[in-house]
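Thank you for coming. I would like to take a few minutes to walk through one structure, beginning with a small detail and then working outwards.

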Amino acid sequence: MGDAEGLGAGQGATLHAVSSAVLAVTRHLSVHEVLQVIVRAAAQLLDARYAALGVPDDEGSFAEFVVEGVSEEDWERIGPLPRQHGMLAAMLHGDTPKRLADIRREPEFEGWPVAHPVLKDFLGVPIKDAEDVLGIIFLANKKRPGGFTQDDQDLLALFAAHAAIAMTNARLYEHNRELTVVAERNRLARELHDAVAQKLFSLRLTARTASALAEKDPVRTVQELEQVERLAADALAELRAVIFELRPADLADGLVASLRKHAEVLDRAHETAVRFTAAEPVVLAEDQEAVVLRIAQEAVYNALRHAGAGTVDVSLRVRDGSAVLEVADDGSGFDASEGDQQGGLGLASMRDRACSIGGTLGVDAAPGRGTRVRLEVPL
């Protein structure tokens, strides 16, 4: 009965320790950050003074190596990432658990930098996805006397199985993010071609017509040159809008400050008045703030490009336990029942973005009555 209770407690501790790694994935952190969370959780779970996680590359070495228990200053003194030598190399090639009472007595104990901490008891367990080794967790110097036990090894193996899921999910997220970036670049390329390139082509033809008429019809030439000026202004506005989309979102100063700065820049760059109001600070998770800013940018961009609005009002506030973003314009509006069929407004994309952070997006619009985009994100 006591052994069963001990095993249940151990499994519960494992699940609790790995939950921080799983939460890191759900917060859309990078693979490297997830590795750091896993290493920290493993050290706490097994009460180890030192912990590390190595991710193998295709050359028998480590593509990444993160540590816990070693200061940045000590790590700099230790030198470059470990390569193909010693006990770490043996673990890479063997991909089986290794538990030692004193690693210094092993034949493989060689090539350690002078500045490296003194290691004694050692436990290494591979993180595997089927037959693929995703990484290896290394622990050393258990804080309590006696070194690592077989129970410790079993517990770390169970932890490693959960860590494999967290690492795989993080990699999938980063791959999906890369695909999203490619898709966004392709969309912007189409915007440049469809909007700017066509206007520049029209501008060129109009200028050529004006040149041909210069001597024969001065009045018509003036009209054509006025058209050239209008086309050039339109092309500049289109190009400016695309450039704003290409600029990375800067959330270093928080969501409210970033929205205010963005509105001020657009207000100076366009004839349309762009105003921003926020009654109070609004703090969301990092991934949520990035999505809110991106939706605000796209909604304002739609109003500037498609609506012919004189004023665009952006507001952010807290209401009934949710952060509420609204982008309202007094432009031409559209038939909201037809959604994305009207002017390529990207409403489906904005709704998908909202859904990705647990929010909801609503659009209130009608021909001749302007448009109001409303995003609600639970706090």
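Let me begin with a question: which residue follows α8, and what is the sign of its phi? The residue is G308, which comes after α8 and has a positive phi, near 60°. Helices and strands here are DSSP runs, H or I of at least four residues for helices and E of at least two for strands, numbered from the N terminus.

Before going further, I should say that this is a predicted model, in which local features need pLDDT of at least 70 and side-chain atom pairs count only at pLDDT 80 or more, whereas totals for chains, interfaces and linings use all residues. Residues are numbered from 1 along each chain as its sequence is written, and side-chain values use heavy atoms, with hydrogens and water left out.

As for the overall picture, the chain has nine helices and 10 strands. Of its 379 residues, 41% are buried, where buried means under 20% relative accessible area, exposed means over 50%, and partly exposed lies in between, with a 1.4 Å probe and protein chains only. The accessible surface comes to about 20,600 Å², and 52% of that belongs to carbon and sulfur atoms; these areas come from the Shrake-Rupley method with a 1.4 Å probe, and for residues only the protein chains shown count as cover. Among contacts in the chain with a separation of 6 or more, 62% are between residues 24 or more positions apart, a contact being heavy atoms within 4.5 Å.

Let me now turn to the sheet on which α8 packs. Five strands make up this open sheet, in the order β6-β7-β8-β10-β9, with mixed pairing; two strands are taken to pair if DSSP finds at least two bridges between them. At the edges are β6 (273-278) and β9 (360-365), each of which pairs on one side only. Neighbouring strands in this sheet are turned against each other by 10° on average, direction ignored; axes are lines fitted to C-alpha atoms, for helices over the stretch in contact, and angles run from 0 to 180 degrees between N-to-C directions.

Within this sheet, β8 and β10 pair in the antiparallel sense over eight bridges, and E326 stands opposite R374 in β10. Helix α8 packs on the sheet, where it touches β6, β7 (311-319), β8, β9 and β10, and its direction makes about 10° with that of β8. Helix α9, residues 347-356, also packs on the sheet, touching β9 and β10, with its direction at about 150° to that of β9.

How far does α8 reach from its first C-alpha to its last? Its 22 residues, 286-307, reach 31 Å, close to the 32 Å expected at 1.5 Å a residue, the expected span being 1.5 Å times one less than the number of residues. Because 17 of those 22 residues are buried, α8 is largely enclosed by the rest of the structure.

That brings me to the charged pairs. A search of the whole structure finds 11 salt bridges, each being a side-chain nitrogen of Lys or Arg within 4 Å of a carboxyl oxygen of Asp or Glu. One of them joins E326 and R374, at 2.6 Å from N to O. Since E326 lies in strand β8 (322-329) and R374 in strand β10 (371-378), the pair ties together parts that are 48 residues apart in sequence. E326 is buried at 10% relative accessibility, whereas R374, at 25%, is partly exposed. Both belong to a network of salt bridges that links R317, E326, R372, R374 and E376.

The other sheet I want to show is also open and five-stranded, in the order β2-β1-β5-β4-β3, with antiparallel pairing. Strand β1 (48-56) pairs with β2 over six bridges, and A52 stands opposite V67 in β2. Helix α2 lies across β1, β2 and β5, running at about 45° to β2.

Here E68 forms a salt bridge with R40, the closest N and O atoms being 3.6 Å apart. The pair links distant parts of the chain, with E68 in strand β2 (62-68) and R40 in helix α2 (31-46), 28 residues apart. E68, at 25% relative accessibility, is partly exposed, and R40, at 36%, is also partly exposed.

Finally, K142 and D152 meet in a salt bridge at 3.4 Å, N to O. K142 lies in strand β5 (132-142) and D152 in helix α5 (150-213), so this pair ties together parts that are 10 residues apart in sequence. K142 is buried at 13% relative accessibility, and D152 is buried at 11%.
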